[in-house]
Amino acid sequence: MSARFPDFRLGKVLATSFTGTLSERRGDAVERIPTPNRLVAWLTVSGLAVESCTTVQLERARELREAIHAAATAAARRDPLPVSAVQIINDYSAQGRAAAVLTPEGNRQWRLGSASSVEDALGVIAADAISVIAGERDGKLALCASPTCQAAFFDTSQSRTRRWCDMNTCGNRQKKARFNAHKHENPGAAK
């Protein structure tokens, strides 16, 4: 019997999708990479397939995830970046071995070597975080408006006013809560 894990919340930006492997940070936290094999699965669906992962590598991945989250949150709030988070991100970026390649569609994609390890994949994630936090991409870092989530996400909407990390989860949950509150305050209005 296999354990049922929560679905991954994949976005278009690798670094912020990685921080989303821990969601509902201000509520009942949901860990989406609770085991080494689950991290391997997330890396695979994110285009960074590795053959295996140890418990120590999983802990290192979580360390990087939390450093990216701390730095992205500070950047979204326009606060100074935490020195320890910056150091962790830089260290992981420097340790990874991967190549940026151009796809036939004209997009950049990361390629790991055949003998790549979790550390190499984490190096790619760290490098992606650096480009996002440094403002090298068209978009802006923002924080989810859900009081239980507060996830950092990269807003590429035209107006840069997106409020939710994911409309299908946090956005819908908040809209439903507002609707139910309105229905409760005005019982006759929903008929």
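The exchange below covers the fold, the nonpolar cores and residue D155 of a predicted model.

Biologist: What do the numbering and the model rest on?
Modeller: Residues are numbered from 1 along each chain as its sequence is written, and side-chain values use heavy atoms, without hydrogens and water. The model is predicted: local features need pLDDT of at least 70, side-chain atom pairs count only at pLDDT 80 or more, and totals for chains, interfaces and linings use all residues.

Biologist: Which pattern of helices and strands does the protein follow along the sequence?
Modeller: Helices (H or I, at least four residues) and strands (E, at least two) are DSSP runs, numbered from the N terminus. The protein has 6 helices and 6 strands. Read along the sequence, the pattern is α-β-β-α-α-α-β-β-α-β-β-α.

Biologist: Which element gives the largest share of the largest nonpolar core?
Modeller: A nonpolar core is a set of buried Ala, Val, Leu, Ile, Met, Phe, Trp, Tyr and Cys residues joined through side-chain atoms within 4.5 Å; buried means under 20% relative accessible area, exposed over 50%, partly exposed in between (1.4 Å probe, protein chains only). This core has 37 residues, of which F18, L39, L64, I89 and I125 touch the most other members. Elements giving two or more residues to the core include α1 (14-19), α2 (36-45) and α3 (55-77). The largest share, 9 residues, comes from α5.

Biologist: Which elements are included in the cover over the buried residues of α2?
Modeller: The buried residues of α2 are P36, R38, L39, V40, W42 and L43. Leaving aside neighbours within four places in sequence, L39 is in contact (heavy atoms within 4.5 Å) with F18, I33, C53, Q57, L58, A61 and V118. The cover over the buried residues of α2 includes α1, α3 and α5.

Biologist: Which side chain of opposite charge is nearest to D155, and how far away is it?
Modeller: D155 lies in strand β6 (residues 152-155). Lys and Arg count as positive and Asp and Glu as negative, with His and the chain ends not counted. A salt bridge needs a side-chain nitrogen of Lys or Arg within 4 Å of a carboxyl oxygen of Asp or Glu. D155 is buried and has no salt bridge; the nearest side chain of opposite charge is R162, 4.8 Å away.

Biologist: Which backbone nitrogen lies 3.1 Å from a polar atom of the D155 side chain?
Modeller: Not counting residues up to four places away in sequence, D155 touches G139, K140, R160, T161 and R162. The backbone nitrogen lying 3.1 Å from a polar atom of the D155 side chain is that of T161.

Conventions. Polar contact = N/O pair within 3.5 Å; in protein donor to acceptor, adjacent residues only side chain to side chain.
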